[in-house]
Amino acid sequence: MGNSCCCCGSSHSPPERLPSLKGTTNKISRYPTQNINSYPEIRKPTPLVPTPVVVKPPTKQLSQTPIKPRIVVALYSYDARDTQDLSFKKGDRMEVLNDSDPDWLFVEHLQTKLKGYIPGNFVAPELSVESEDWFFENISRKEAEKLLLGDETQPRGTFLIRPSEHNPNGYSLSVKDWEDHRGYHVKHYKIKPLDNGGFYISTNKTFDSLPELVLAYSKNAYGLCHVLSKPCRKPEPNLWDLAPTYRDRWEIPRDEIQLDRRLGRGNFGEVYYGKWRNQYEVAVKTLREGTMSTQAFLAEAAIMKKFRHKRLVALYGVCSEQEPIYIVQEYMSKGSLLDFLRKDEGKLLEFEDLIYIAFQVASGMEYLESKQLIHRDLAARNVLIGENNIAKICDFGLARVIEDNEYCPKQGSRFPVKWTAPEAIVYGKFSIKSDVWSYGILLMELFTYGQVPYPGMHGREVIELLEQGYRMPKPPSHSLPDEIYQIMLKCWDAIPEKRPTFEFLTHYFERFNITSEVPYREVPD
Ligand SMILES: Nc1ncnc2c1ncn2[C@@H]1O[C@H](COP(=O)(O)OP(=O)(O)OP(=O)(O)O)[C@@H](O)[C@H]1O
Ligand SMILES: [Mg+2]
């Protein structure tokens, strides 16, 4: 099948997706010793040959010089899903035998002596700060507030410590507090580093380590809003693969997927709620025949599977050996952002929740920006919502492999004209900056609770007006702060280079101040 398509810029060898090492996760740097095969693997998709399901210890030789055994401790419990992985309970200790894939460490369980693979993000090095219940490695201020306030059963004084976003050696302490006139809210304190490796919040109390600091403030508030009462509950991390068997292979046998009920219908096929091996929830996107070349699609899937970020929907694998092709993805319980905003639950979202969603989408797009991957179809219908208003971007990279004429900018009835930047419609110039334009439209969908952009206007009319400088006006029906409308206008700048970066947009929405809370509280000496 031909690979050219006017909406995809004709070629499937993507120059805009050259790997960049920027944005490599902290998780990888936690296991720095042996041969971490992180990003460059993307360049060479593994052949789509079924791997036999046999537990075999990695063949790679460990270092010639003896290395200190590395013990990890489980932060969560895990039930083995397959023949290669190992079950464990929170608190269990394991020795790492091979960490060449940081997503799946090969370990020996110190109690049962069993060997197998475990998900790397379920454990942390023993005695490290990452192994503490109160330590949250990879979260922002806004996410900290969400976690502390989201669970009403957590008492006043519930806390967490996270690395400071601004000071590389410092940390932030976030504490849930209650006041008569404000109800529950979160107060943040800076934990500053000392030259000798210690820490302090106020200069008259210094500590050799974070655990010592936590212990002291758990007994006495010493000027904090409340004594530290209990660590915040940690949500379980994402599993990026259905099981270790699928970590470097994406063809899933079709008989392992059970389709239960239809969730929705998109431009290219239907989406089902289903189970993998009758047990684990998945969403299955079925692609109508002829929508795209199987080869082109598989090449894209191989790349998409390697894009991992907490704001992107995980792609588990595909069933591609017969039509219709299945794309097996992480299931998101609240469906698309667009449907969610229009339903009762979404209508009840407060301004603060909308800001949180805007932030999450920008943050997922910031990751794609750092990897130089263009989404091409960013819209509220392609953002999915889970519990606690978690938002994740889906269908990234898919638009480039679509071969359907209806999806072509100039003639296709299915082409999302109202979301697409003029230079992409007219010249097929898709870039991360055309994604920024789409993000501006998505913001309008968000702040109008799912209103169709340019209400009452036809796509063709929109293209013509945009070229004359027209932009979607501030909606009279919804209260939208002028500041945010100005951001939308910046996303719709006629000159792509003048549009903001997703990095900027993430920081903008992260710091958007809704509460009267000061950024950091001072503790009197
Ligand atoms: N991973 C998922 N988890 C839960 N629901 C999903 C998932 N993926 C899709 N859906 C549901 O299926 C519907 C259809 O999705 P689909 O991506 O096929 O179409 P669309 O986003 O409306 O349009 P497009 O074809 O442009 O992507 C979504 O609106 C959503 O309700
Ligand atoms: Mg979609």
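Where does Pro324 lie? Select Pro324 in your viewer, and you will find this residue in the loop between S15 and S16. Keep in mind throughout the tour that this is a predicted model.

**Stop 1: a hairpin and an unusual bond**

Stay at Pro324 and look at the link to Glu323: the peptide bond joining these two residues is cis, with omega of about -10°. Most peptide bonds are trans.

Now select residues 315-319, which make up strand S15, and then residues 325-329, which make up strand S16. The two strands run antiparallel and are joined by four bridges. Together S15 and S16 form a hairpin, with five residues between them. To see one pairing in detail, pick Val318: its bridge partner in S16 is Ile327. How many of the residues of S15 are buried? Five of its five are, and the strand is mostly covered.

**Stop 2: Lys285**

Remember Ile327, and select Lys285 in strand S14. Ile327 is among the residues that Lys285 touches, along with Gly269, Val271 and Gln329; residues up to four places away in sequence are not counted here. Is Lys285 buried or exposed? Lys285 is buried, because 23 other C-beta atoms lie within 10 Å, and a residue counts as buried from 20 upwards. The UniProt record, an unreviewed entry, places the feature "binding site" at Lys285.

**Stop 3: ligand 1**

Next, select ligand 1 and show what surrounds it. There are 23 residues around ligand 1, and the closest are Gly264, Gly266, Asn267, Val271 and Ala283. Two elements give two or more residues to this shell: strand S12 (257-265) and strand S14 (280-287). S12 provides the largest share, three residues.

Try colouring the shell by residue type. You should find nine nonpolar, seven polar and seven charged residues. Then colour domain 3 (249-329) and domain 4 (336-510). Ligand 1 lies between these domains, because both of them give residues to its shell.

**Stop 4: two asparagines with a positive phi**

Most residues other than glycine have a negative phi. Here are two that do not follow that pattern.

Select Asn278, in the loop between strand S13 (270-276) and S14. Its phi is positive, about 60°, although Asn278 is not a glycine. Asn278 is exposed, because it has 9 other C-beta atoms within 10 Å.

Then move to Asn389, in the loop between strand S17 (383-385) and strand S18 (391-393). Phi of Asn389 is also positive, near 60°. Is Asn389 buried or exposed? Asn389 counts as buried, because it has 20 C-beta neighbours inside 10 Å.

**Stop 5: helix H2 and the loop before it**

Select residues 141-150 to show helix H2. Its buried residues are Glu143, Ala144, Glu145, Lys146, Leu147 and Leu148. What covers them? Part of the cover comes from strands S6 (158-163), S7 (171-179) and S8 (183-193), and helix H7 (351-370) is included too.

For the last pick, select Leu127, in the loop between strand S5 (123-125) and H2. Leu127 counts as exposed, because it has 11 C-beta neighbours inside 10 Å, and 12 or fewer is the limit for that class. Finally, draw a distance from the C-alpha atom of Leu127 to that of Val73: these residues are 54 residues apart along the chain, and the two atoms are separated by 8.5 Å.

Notes:
Residues numbered from 1 in each chain as written. Chains lettered and ligands numbered in written order. Predicted model: local features only at pLDDT ≥ 70, side-chain atom pairs only at ≥ 80, totals over all residues. Pairing = 2+ DSSP bridges. Contact = placed C-beta atoms within 7 Å. Near = placed C-beta within 6 Å. Nonpolar A, V, L, I, M, F, W, Y, C, P; charged D, E, K, R; others polar. Domains from an automatic or database assignment. UniProt positions renumbered as here; feature names shortened; annotations may be inferred.
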